[in-house]
Amino acid sequence: MSTAAASIATPTHGEPSFYAGSSRRGMLSWLLTTDHKRIGLMYLAAMLTFFLVGMTLGVFMRLEHLTMGPTIMKPTTYNALFTLHGVIMIFLFVIPGLPAVFGNFCLPIMIGAKDVAFPRLNLLSWYLFMTGATIAITSLFTGGGPPDTGWSFYVPYSVTTGTNVTMAVLGAFVIGFSSILTGLNFITTIHRMRAKGMNWMRMPLFPWALYATAWVQVLATPILGITLLLVILERVFHLGIFNPAIGGDPILYQHLFWTYSHPAVYIMIIPAMGAISEIIPTFAHRTVFGYKAIVMSSMAIAAVGSLVWAHHMFTSGMSETAIIIFSLLTFLVAIPSAIKVFNWVATLYKGSVELKAPMLFALGFIFLFSIGGLTGLFQGALAINMHIHDTYFIVGHFHYVMFGGTGFAFFAALHYWYPKMFGRMYNERTAIVAWVHIFVGFNMLYFTMLVLGMQGMPRRYYDHLPQFHGGHIHATIGSWIMVAGLLMMFGNLVRGLFRKVEIPANPWGGVTLEWTVPSPPPVENFEILPVITEPPYTFNPVSKEPAP
Amino acid sequence: MSASVESHDAGPPAAEHRDYIGAKLGMWIFIFTELILFGGLFVAYGMYRSMHAHEFHKAAGELNVVLGVINTVVLLTSSLTMVLSIVAIRLKRKGQSMIFLATTMVLGCVFLVNKFFEWRAKIHHGLYPGSEHLMARPPGERLFFGLYYGMTGLHGLHVTVGVTVMAVMLVLLRRDKIRHDDFIKLENAGLYWHLVDVIWIFLLPLFYLAA
């Protein structure tokens, strides 16, 4: 037990849960709330909706590749689809996902606070997020039609295309502002509101990961802000900064864009790693191996990861010295990530591993993220980079990291904290069947992409040559299996909300603070603020139920 | 319990968690993000100036140094009145604090008016992004004016936001929401205003004095 004051043995049944305890009724109790838990759930609802939309777009893209030549759409439609799929998945789901949903819900509880440092700013972040999302989605139906630039909005095409890029970029700009405010809020919360006795080295690993992420959010997102702003100014006022026709340099755009968008990859993955670092010890029923190493590697990834952006541009035109330096830095950033993987695996060693649904997703994360990370190193190597640049290998790689990594961690966290969030439980067996489908379908789909890429299949093409046909059919069938699994998982989670079961405060035997409060937690989280006397992840076999 | 539940959701400031250092920390982080926002433009400026040093030099000669310097003095003075406003409220001199704050707002507006006349004169001479007159000139000069409008424009937007924030602060002062023992909002507004000031201090030499 990491707490002395609050413990599971003293339930606080007197207090209403945060669902009941509001002075307002109905929708307004949600829309005007400053409760971090409600805000987290509002993010969850919005993001899962966006995820389903993005997933549907992805399914259509795969269907297009089921046969050669036009299958269900024209090339222009395909261009719009991959742009939308990228924008929705990256800006509306993967980047904000874990911090906004689970960070909001769990961070204050895990550090023993009643809320975040700036609750009203937190609500503002949600509104900014929704405003940005609305603007981005409106851009599909207005102006010159849906943007067709790809999610990276590369100039000069994004400046010259007649599609509604201005509005889509504005949407991303507003979402970026929301991300900055969330990061700012979390940094201040962690600095100022930790429970008494919780010094830095007694803080659980998910808050640590959120802390590292928040710094990247705060320091990198403004670069995206100014870059996107300049694209808008370029389109509206012909400022010329990125436009070679006026004298500007498109490569500068790529530098500025990736100065944000590569660190954004770490905004996606560090909180995912944090969630995994919570789940693995809980289901191995032993303390995490190498706590300090995991903490330091989070900070190291945040720092080094901010200096590797130009590895997206090896073929764009840069001095050879710059290319070699960025290649070296890219290899360096793999070290802290590998340290984490070793620590998780070492945590399992001699633990009493319990293969519940959250644990399966977490183990899936380790496997898929390892493939994603290692294929990333392929691209960091200069010679191979030239060969696989702009091929399906890249698409396969970043789906392994973003979906196999962050996506799986998101689902792991969702299954892990589900009983805490809702006070209900999903069907365990269905969750595992869904996991098998997702895992198998995922590998069929994206591993095939890695192979196709090595063979030379270029990305963002709506059609393919005969030699790639078998691979494309294989990948498309994989996408059906995966989507079946995803739908099963969502169905199971929704059905779980209506199953009336009494959920104890601590269904998994976790030892972080969120498991000491009732499920769902009361409005103020803690009746008495906890006092921390021990490091986190101190599993005490005597006071716990015997491990299975 | 019900009382604290209510206070949590409706959030009257009396029961709210108050943390002076936390509020300031949050503001400083926000200021970092603003600096980085402008940082992207400074990078672009640095790159293009190193590529087109001579043309930048020539184009800078066309800016009105007198107006630029007047605006610098106006903005620096406004930072002084801002500080005086905070000092006044700490000394419980509410009226004086409001007068200083209003002066800051007026100076901010003077800056914007000057800027307006400056931009109008430039546009009148056909010097604006995408104009035929400008497109006839070499690339370095086009970029100089592109950056000039982009950077002073973004700065002007920040001045406008700053003046708006101060208007809100004035109302809060009037309603005693900012008091001698709770002035963090005013102090944070001041930090923001100084940021606007500092950025201008970099813009002045880069554009007006580069000739």
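**Figure 1. K350(A), a residue out in the open on a loop of chain A.** In this predicted model, K350(A) counts as exposed because just 9 C-beta neighbours fall inside 10 Å, and the exposed label goes to residues with 12 or fewer. You'll find K350(A) in the loop between α11 and α12 (357–380) of chain A. Check out its backbone too: the phi angle of K350(A) is near 60 degrees, which is a positive value in a residue other than glycine.

**Figure 2. D390(A), another loop residue with a positive phi.** D390(A) sits in the loop that runs between α13 (382–388) and α14 (392–422) of chain A. Is D390(A) buried or exposed? It counts as exposed, since it has 12 C-beta neighbours inside 10 Å, and 12 or fewer is what the exposed label asks for. Its phi is near 60 degrees, once again a positive value in a residue other than glycine.

**Figure 3. K340(A), a lysine tucked away inside chain A.** K340(A) is part of helix α11 (residues 320–348) of chain A. This lysine is buried, because 26 other C-beta atoms lie within 10 Å and 20 or more earns that label. Which residues does K340(A) touch, if you skip its neighbours within four places in sequence? They are M273(A), I294(A) and S297(A). For a sense of distance, pick out F102(A) as well: it is 238 residues from K340(A) along the chain, and the two C-alpha atoms are separated by 20 Å.

**Figure 4. Two cis peptide bonds in chain A.** Start with the bond from V155(A) to P156(A), which is cis, with omega near 0 degrees. P156(A) belongs to the loop between α5 (119–138) and α6 (157–160) of chain A. Now move along to the bond from S519(A) to P520(A): it is cis as well, with omega near -10 degrees. Here the proline, P520(A), is in the segment that follows α16 (469–496) of chain A.

**Figure 5. Chain A, seen as a whole.** How many helices and strands does chain A have? Count them up and you get 16 helices and zero strands. The radius of gyration of chain A is 23 Å, close to the 24 Å that the globule rule gives for 548 residues, so the chain is as compact as a globular protein of that length. Taken along the principal axes, its C-alpha atoms fill a box of roughly 70 × 45 × 45 Å. Of the 548 residues in chain A, 57% count as buried. The contacts reach along the sequence, too: among those between residues at least 6 apart, 85% join residues at least 24 apart.

**Figure 6. Where chain A meets chain B.** Here 38 residues of chain A are in contact with 33 residues of chain B. On the chain A side, α7 (165–192), α8 (205–237) and α9 (250–284) each chip in at least two residues. Which of the helices gives the most to that side? That's α8(A), with 10 residues. Sort the chain A side by class and you have 19 nonpolar, 13 polar and six charged residues.

**Figure 7. Helices α7 and α8 of chain B, packed together.** Helix α7 (residues 139–174) of chain B packs with helix α8 (residues 184–208) of chain B at an angle of about 160 degrees, and their axes are 10 Å apart. That angle makes α7(B) roughly antiparallel to α8(B), as angles over 145 degrees count that way. The two helices cross in a left-handed way. Residues making the contact include Y148(B), M151(B) and H155(B) from α7(B), along with Y192(B), W193(B) and W200(B) from α8(B). By class, this contact has 16 nonpolar, four polar and one charged residues.

**Figure 8. Helices α2 and α8 of chain B, running together.** Helix α2 (residues 20–51) of chain B packs with α8(B) at an angle of about 20 degrees, with the axes 10 Å apart. So α2(B) and α8(B) are roughly parallel to each other, because angles under 35 degrees get that name. This crossing of α2(B) and α8(B) is right-handed. Among the residues of α2(B) that take part are M27(B), I31(B) and F38(B), while α8(B) brings residues including L191(B), L195(B) and I199(B). The contact of α2(B) with α8(B) breaks down into 11 nonpolar, one polar and two charged residues. I199(B) is one to look for in both views of chain B, since it is listed in the contact with α7(B) and also in the contact with α2(B).

Definitions and conventions: Residues numbered from 1 in each chain as written. Chains lettered and ligands numbered in written order. Predicted model: local features only at pLDDT ≥ 70, side-chain atom pairs only at ≥ 80, totals over all residues. Axes fitted to C-alpha atoms, helices over the stretch in contact; angles between N-to-C directions. Helix = DSSP H or I, 4+ residues; strand = E, 2+ residues; numbered from the N terminus. Parallel < 35°, antiparallel > 145°, perpendicular 65-115°, else oblique. Left-handed = near helix turned anticlockwise from the far one by under 90°. Contact = placed C-beta atoms within 7 Å. Nonpolar A, V, L, I, M, F, W, Y, C, P; charged D, E, K, R; others polar. Rg over C-alpha atoms; globule rule 2.2 N^0.38 Å.
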